[in-house]
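Trainee: Could we go through a structure together, one question at a time?

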Amino acid sequence: MAEMKVTPWEVAGEIDYDKLMREFGIDPFAKFSKALPDNVLFRRGIVYGQRDFQRIADCIKNKKEFVMMTGLMPSGKFHFGHKSLVDQIIFYQSLGANVYIAVADIEAYNMRNPNMEELKKTAIEEYLLNYIALGLKPQNCDFYFQSARSNDAKLSNAYYKLAGLFARHATFNEMQAVYGELTPGRMTSSLLQAADMFHPQLPEFGGPKPVVVPIGFDQDPHIRLARDIGQRIKEYSFIQLSSTYHKFAVGLKGGKMSSSDPTSYIALTDTPEEAAAKIRKHAFSGGRATAAEQKKLGANPEIDVSYQWLWEFFEPDDKKLRQIHDDYKSGAMLTGELKELLIGKVTAFLREHQRKREQARKQVDKFLKAD
Ligand code: TRP
């Protein structure tokens with residue numbers, strides 16, 4: 001396996017999460033899992049790291065106000081690798097958090113695709129519709145585009161002013177240290193992103209309050225930079241950001257699920273037939289070369305992608321999952337059987353999800369009010 005590399009632009013090699021956390025200065029999440037309402041994301045350690053989460057745990061416990069803020073890059077298809085973040089957003093919303101979701105269209109314009117119309121379409125068709133179908137509610141949810149923060153000029157001015165003022169409080173050297181190669185587009189995007197994370201605490205948005213930013217490990221450089229800048233700006237007394245870090249979803253062929261490789265992911269808009277075919281053809285197996293060998297020696301669930309997907313997405317019942325694990329490991333269950341079990345669950349999920357996604361169209365306007 002290649003050397004581990006985790007940056008906002010590249011994730012490669014086998015990921016050693018504990019090593020990554022030591023390098024980045026991220027703390028384990030485990031001690032908070034029991035304090036939260038039961039959820040597979042925390043119980044199974046899919047949300048694995050955190051910074052300053054105590055503040056959020058206290059808010060949840062004492063029913064105090066807090067914000068959940070995160071952003072999405074409007075490119076590619078919405079696939080299972082994106083789902084755990086959305087499940088977290090919905091989880092915090094159900095606990096009463098005010099939810100802020102930034103569509104990073106300015107960042108995407110500067111880094112990837114200079115077609116604002118297309119970015120908007122992707123944000124709605126691929127992201128928002130799937131978010132709604134997964135359970136996101138319009139109440140307590142501020143879904144906005146970086147290019148159009150709000151129709152209320154006071155709110156909008158406050159957000160862009162913050163991004164502007166932040167520039168003074170970051171140095172070229174530290175940006176370079178965080179990003180490696182620097183471009184004006186990267187600089188702009190990181191300042192705007194820091195404004196995404198801190199602006200819920202501006203007076204125009206109700207003043208200082210705890211904010212939790214759930215992200216993947218690759219996005220931590222953005223958080224580190226935002227935390228530093230946020231502490232330096234004296235015009236405001238921001239409460240430091242809290243953040244959590246989820247593990248990367250494993251791709252069909254092993255390794256990370258990647259938007260640039262359609263055989264590594266299943267999109268939530270793939271037809272059930274496409275999904276079944278992808279699993280049969282590509283899902284990496286921890287099984288043996290022949291059925292006879294597997295019956296005798298058993299398979300390795302730990303490296304088997306179908307099993308990993310059941311663990312992360314499709315079998316929330318710990319007892320049932322354990323049974324599958326043990327049967328597969330002992331040789332009582334063959335790889336074909338495991339794949340068919342997964343396929344049954346994936347296709348049922350997709351049928352239901354896609355029905356909800358069409359229903360969700362009626363709700364889109366409620367999220368796009370920009371106020
Ligand atoms: N940079 C993030 C990405 O590439 C998107 C983003 C923009 C974001 N603003 C944010 C993430 C604020 C978290 C918080 O996906």
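Mentor: Happily! Helices are DSSP runs of H or I with at least four residues, and strands are runs of E with at least two, numbered from the N terminus. This is a predicted model, where local features need pLDDT of at least 70 and side-chain atom pairs count only at pLDDT 80 or more, while totals for chains, interfaces and linings use all residues. Residues are numbered from 1 along each chain as its sequence is written, and side-chain values use heavy atoms, leaving out hydrogens and water.

Trainee: Which residue forms a salt bridge with Asp326?

Mentor: A salt bridge is a side-chain nitrogen of Lys or Arg within 4 Å of a carboxyl oxygen of Asp or Glu. Asp326 and its partner are four residues apart in helix 15 (residues 318-330), so about one helical turn separates them. The closest N and O atoms are 3.8 Å apart, and the partner is Arg322.

Trainee: Is Glu174 buried or exposed?

Mentor: Buried means under 20% relative accessible area, exposed over 50%, and partly exposed in between, using a 1.4 Å probe and protein chains only. Glu174 has 17% relative accessibility, so Glu174 is buried.

Trainee: How many disulfides does a search of the whole structure find?

Mentor: A disulfide needs a pair of cysteine sulfur atoms within 2.5 Å. The sulfur of Cys59 is too far from the closest cysteine sulfur, in Cys141, for a bond, because 19 Å lies between them. The number of disulfides found in the whole structure is zero.
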